[in-house]
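Subject: Structure for you to look at

Hello,

Here is the structure I promised to pass on. Please open it first, then read the notes below.

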Amino acid sequence: MAKKKKKAGKEIKVKITSENKCSYCQGTKCCHYVTQEIDTPRSRYEFEHIMWQVMHDGVEVYKDSDKTWYLLMYTTCSKLLPDGRCGIYKTRPEICREYSNDWCEYDEPAEEHWLLHFKDHDSINKYGKKRFKNWGKWK
């Protein structure tokens, strides 16, 4: 992958690599959310719980292509600098150190690999009506 960059008034092609990719990422996507693996929901009660979760701002749930379920919370890392760099890079947590950007949201949106995605009340309600006969008939 290559990106054009201006240097001294001339456009030059820059090869995008895992070492320089983050500096070209608009919005530093990976630093604006956290995910937590959750148990696979099976019962109506568990899907109702997901409904409650996604009724909160910035909270979504998805099932990835590997059939793993995740709670997704959009929230910005408090150590992210205005220019998109990490303010504690040398002492950042292990999970940040382990993160590989060999293939990341810069290359392709993660959503393209989600099998299910619940971003609000309406999306989980629509799914619940298809999956459960008694959906919406609360006691």
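This is a predicted model. The chain averages a pLDDT of 88. Of the residues, 93% score at least 70. Confidence varies by element: strand 1 (residues 2–7) has the lowest mean pLDDT, 55. Strand 4 (residues 59–64) has the highest, 98.

The core

Start with the largest nonpolar core, which has 12 residues. Its members are Phe 47, Ile 50, Met 51, Val 54, Val 59, Val 61, Trp 69, Leu 71, Phe 118, Ile 124, Phe 132 and Trp 135. Three elements give two or more residues to this core: helix 1 (44–54), strand 4 and strand 5 (69–74). Helix 1 gives the most, with 4 residues. In soluble globular proteins, nonpolar side chains tend to be buried together.

Take Leu 71 as one member of that core. Beyond its neighbours within four places in sequence, Leu 71 contacts Val 34, Thr 35, Gln 36, Ile 38, Gln 53, Val 59, Glu 60 and Val 61. Another core, of 6 residues, lies apart from the largest one. Val 14, Ile 16, Tyr 24 and Tyr 106 are among its residues.

Helix 1 and its partners

Which residues of helix 1 are buried? They are Arg 44, Phe 47, Ile 50, Met 51, Gln 53 and Val 54. These buried residues pack against strand 4, strand 5, strand 6 and helix 3 (121–131).

Look at the pairing with helix 3. The axes of helix 1 and helix 3 are 9 Å apart, and the packing angle is about 165°. Angles over 145 degrees count as roughly antiparallel, so helix 1 and helix 3 are roughly antiparallel to each other. Helix 1 passes helix 3 in a left-handed crossing. On the helix 1 side, the contacts come from Phe 47, Ile 50, Met 51 and Val 54. They meet His 121, Ile 124, Asn 125, Tyr 127 and Arg 131 in helix 3.

Pro 41

Pro 41 sits in the loop between strand 3 (33–38) and helix 1. Is Pro 41 buried or exposed? Its relative accessible area is 5%, and buried means under 20%, so Pro 41 is buried. Not counting residues up to four places away in sequence, Pro 41 touches Glu 46, Phe 47, Ile 50, Trp 69 and Arg 131. Trp 69 is 28 residues from Pro 41 in sequence, yet their C-alpha atoms are 8.2 Å apart.

Three exposed residues

Lys 67 is in the loop between strand 4 and strand 5. Lys 67 has 56% relative accessibility and counts as exposed. Its phi is near 70°, a positive value in a residue other than glycine.

Glu 98 belongs to helix 2. Glu 98 is exposed, with a relative accessible area of 56%. From C-alpha to C-alpha, Glu 98 and Lys 67 are 22 Å apart, with their positions 31 residues apart in sequence.

Asp 102 lies in the loop between helix 2 (94–98) and strand 6 (114–118). Why does Asp 102 count as exposed? Its relative accessible area is 56%, and exposed means over 50%. Leaving aside neighbours within four places in sequence, Asp 102 contacts Ser 18, Lys 21 and Asp 107. Lys 21 is 81 residues away along the chain, but the C-alpha atoms of Asp 102 and Lys 21 are separated by 8.9 Å.

Best wishes

Definitions and conventions:
Residues numbered from 1 in each chain as written. Predicted model: local features only at pLDDT ≥ 70, side-chain atom pairs only at ≥ 80, totals over all residues. Heavy atoms only, no water. Buried < 20%, exposed > 50% of the residue type's maximum accessible area, 1.4 Å probe, protein only. Contact = heavy atoms within 4.5 Å. pLDDT = per-residue confidence, 0-100. Core = buried A, V, L, I, M, F, W, Y, C linked by side-chain atoms within 4.5 Å. Axes fitted to C-alpha atoms, helices over the stretch in contact; angles between N-to-C directions. Parallel < 35°, antiparallel > 145°, perpendicular 65-115°, else oblique. Left-handed = near helix turned anticlockwise from the far one by under 90°.
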